[in-house]
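Here is a friendly walk through a two-chain model, in questions and answers. Have the viewer open and follow along.

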Amino acid sequence: MLELYNQLKQRFELGELTEQRSDIAFITTDRKQLRSLLLHLRDKEGFTHLVLLTAVDWIEDNIFQLTYLLNNRAEAKDIGLRVMLDRDNASMESIHDIWPTAATYQRELREMFGIDFPDSPGVNDDFILEGWNDIPPYRRDFDTLKYAEESFAQRPGRKTHDPAQYMKQQLYPEKD
Amino acid sequence: MKEELQKRIVKGPDGIEFEVEPMRDYFCEAPPTVMPAAYSKIVENLFNWARSESIWILGFGTGCGAIEMRPLMTPRFDAYRYGVQWRPTPRQANLFVISGYLSTKTLKRAIRAYEQMQNPKYVVGLGSCTINGGMYWDSYNTIKRLDQYLPVDLYITGCMPRPEALLQGFEDLKKVIKAGKAEGANDYAENFEWYKANQKQVIHDWDMPDYNW
């Protein structure tokens with residue numbers, strides 16, 4: 001992976017390399033380079049398959065991280081490209097013309113994180129949620145417990161145990 | 001409202017144009033009515049016995065609990081020996097098993113399916129998700145109490161309940177039906193406004209008639 005990284009580095013400005021395993025690594029890059037980097041990896045390096053496109057909400061740093069995970073079938077290798085976006089009015093260039101399946105991921109990200117992908121086909125259509133009327137639910141400032149308590153009727157009398165404490169009491173009651 | 005539900009002019013195959021108003025033409029607007037019991041107790045008991053011995057389940061799995069119904073259909077647990085079978089359409093079913101968590105999106109389909117079933121009809125809530133939300137207690141898109149939205153005759157606890165628990169549940173449901181206490185459809189008709197208000201509270205894009213069958 002280091003070899004590939006050094007090769008890529010001659011052509012592109014790349015951020016740090018995180019090697020998770022011998023066959024999977026992540027490279028941070030900026031959004032301007034992403035498209036050419038994806039095309040290069042797909043056409044020249046054999047990373048022909050888009051495994052997934054997902055987002056992470058780094059609310060403390062006020063950024064969204066997009067991860068484009070690509071797979072090289074012949075060499076059984078994965079490479080993930082990380083792009084950092086500004087969290088306010090987050091918007092990213094669509095890659096549906098490189099991999100048509102990306103349109104579905106982008107539609108999901110639009111709905112669940114509120115990241116816009118202009119020009120992506122059907123990006124504003126409902127994906128999973130119907131009639132959603134709050135901030136996108138995967139954003140970390142969305143309080144899912146508060147929303148659930150306000151929206152849905154609850155049955156009184158529900159108790160929650162801490163699993164570790166509860167099992168300790170059940171199995172070793174004499175020790176307390 | 002969705003485009004296909006809006007009033008429009010349609011040209012028939014014979015070239016004649018006519019107006020279609022789906023909400024009025026495709027659905028019945030009449031609200032559900034209470035079905036009175038048979039004129040005599042003994043006849044009603046006979047009916048209830050017949051109903052209890054032919055529980056036909058709508059083949060609609062709403063959550064992960066649907067996986068427990070597959071072994072029941074097949075020889076290992078073989079629910080058919082108890083007069084229980086699965087039907088492909090709401091028109092032929094009289095028991096709706098809400099199998100596990102119910103998201104608000106599925107709730108909309110569940111309501112439609114329930115209303116399309118013929119009287120008398122029963123609802124069984126399967127698993128803890130239908131009782132108090134279960135492991136989805138803090139989820140933003142699953143309902144926590146099924147009995148707010150559909151009249152439930154019986155709950156089967158567990159996460160997930162084993163097929164044996166379901167078989168026991170069917171036996172208990174038979175007892176409830178034979179005792180004449182499985183009046184869910186009548187309860188739904190009587191408290192129709194209350195159920196609709198609850199349903200509309202969680203389904204924000206209500207784009208169907210209030211009652212559709």
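A residue is buried if 20 or more other C-beta atoms lie within 10 Å of its own. The model discussed here is predicted.

Q: Which residues of helix α3 (residues 102-112) of chain A are called buried, and what does the word rest on?
A: They are A:Ala102, A:Tyr105, A:Gln106, A:Arg107, A:Leu109, A:Arg110 and A:Glu111. The word rests on a count of C-beta atoms, with 20 or more needed within 10 Å. The cover over the buried residues of α3(A) includes β3 (49-58) of chain A. After the helix comes A:Gly114, with a positive phi near 75 degrees.

Q: Why is A:Asn89 called exposed?
A: A residue is exposed if 12 or fewer other C-beta atoms lie within 10 Å. A:Asn89 has 9 C-beta neighbours inside 10 Å, so A:Asn89 counts as exposed. Look for A:Asn89 in the loop between β5 (77-86) and α3 of chain A.

Q: Why does B:Asp78 count as partly exposed?
A: The partly exposed class lies between the limits of 12 or fewer for exposed and 20 or more for buried. B:Asp78 has 14 C-beta neighbours inside 10 Å and therefore counts as partly exposed. B:Asp78 sits in the loop between α3 (69-73) and β4 (84-87) of chain B.

Q: What makes the phi values of A:Asn89 and B:Asp78 worth pointing out?
A: Most residues other than glycine have a negative phi. For A:Asn89, phi is positive, near 50 degrees. For B:Asp78, phi is also positive, near 45 degrees.

Q: Which peptide bond leading into B:Pro120 is cis, and where is B:Pro120 found?
A: The bond from B:Asn119 to B:Pro120 is cis, with omega near -15 degrees. B:Pro120 belongs to the loop between α4 and β6 of chain B. Another cis bond links B:Cys159 to B:Met160, with omega about -10 degrees, and B:Met160 lies in the loop between β7 and α6 of chain B. Most peptide bonds are trans.

Q: What makes β6(B) a mostly covered strand?
A: Five of the five residues of β6(B) are buried. On one side these are B:Tyr122, B:Val124 and B:Leu126, and on the other B:Val123 and B:Gly125, so both faces are covered by the limit of 20 or more C-beta atoms within 10 Å.

Q: How do you know that β6(B) pairs with β5(B) and β7(B)?
A: Two strands pair if DSSP finds at least two bridges between them. Five bridges join β5(B) to β6(B), and three join β6(B) to β7(B), so both pairs pass the limit of at least two. The strands run parallel in the pair of β5(B) and β6(B), as they do in the pair of β6(B) and β7(B). B:Val97 stands opposite B:Val124, while B:Leu126 stands opposite B:Ile156 in β7(B).

Q: What makes B:Val124 part of the picture of a nonpolar core?
A: The largest nonpolar core has 43 residues, and B:Val124 is among those that touch the most other members, with B:Leu95, B:Phe96, B:Ile98 and B:Val123. Elements of chain B that each supply at least two residues of this core include β5 (95-99), β6 (122-126) and β7 (154-156). A second, separate core of 24 residues includes A:Phe47, A:Ala55, A:Phe64 and A:Leu70.

Q: How do you know that β3(A) and β4 (residues 63-72) of chain A pair, and which way do they run?
A: DSSP needs at least two bridges. Nine bridges join β3(A) to β4(A), so they pair, and they run antiparallel. A:Ala55 stands opposite A:Leu66 in β4(A). The two strands form a hairpin with four residues between them, and A:Asn62 in the turn has a positive phi of about 60 degrees.

Q: What is the radius of gyration of chain A, set against that of a compact globule?
A: Chain A has 21 Å, but a compact globule of 176 residues would have a radius of gyration near 16 Å. The C-alpha atoms of chain A fill a box of roughly 65 × 45 × 30 Å along the principal axes. Buried residues make up 20% of the 176 residues in chain A.

Definitions and conventions
Residues numbered from 1 in each chain as written. Chains lettered and ligands numbered in written order. Predicted model: local features only at pLDDT ≥ 70, side-chain atom pairs only at ≥ 80, totals over all residues. Core = buried A, V, L, I, M, F, W, Y, C linked by C-beta atoms within 7 Å. Contact = placed C-beta atoms within 7 Å. Rg over C-alpha atoms; globule rule 2.2 N^0.38 Å.
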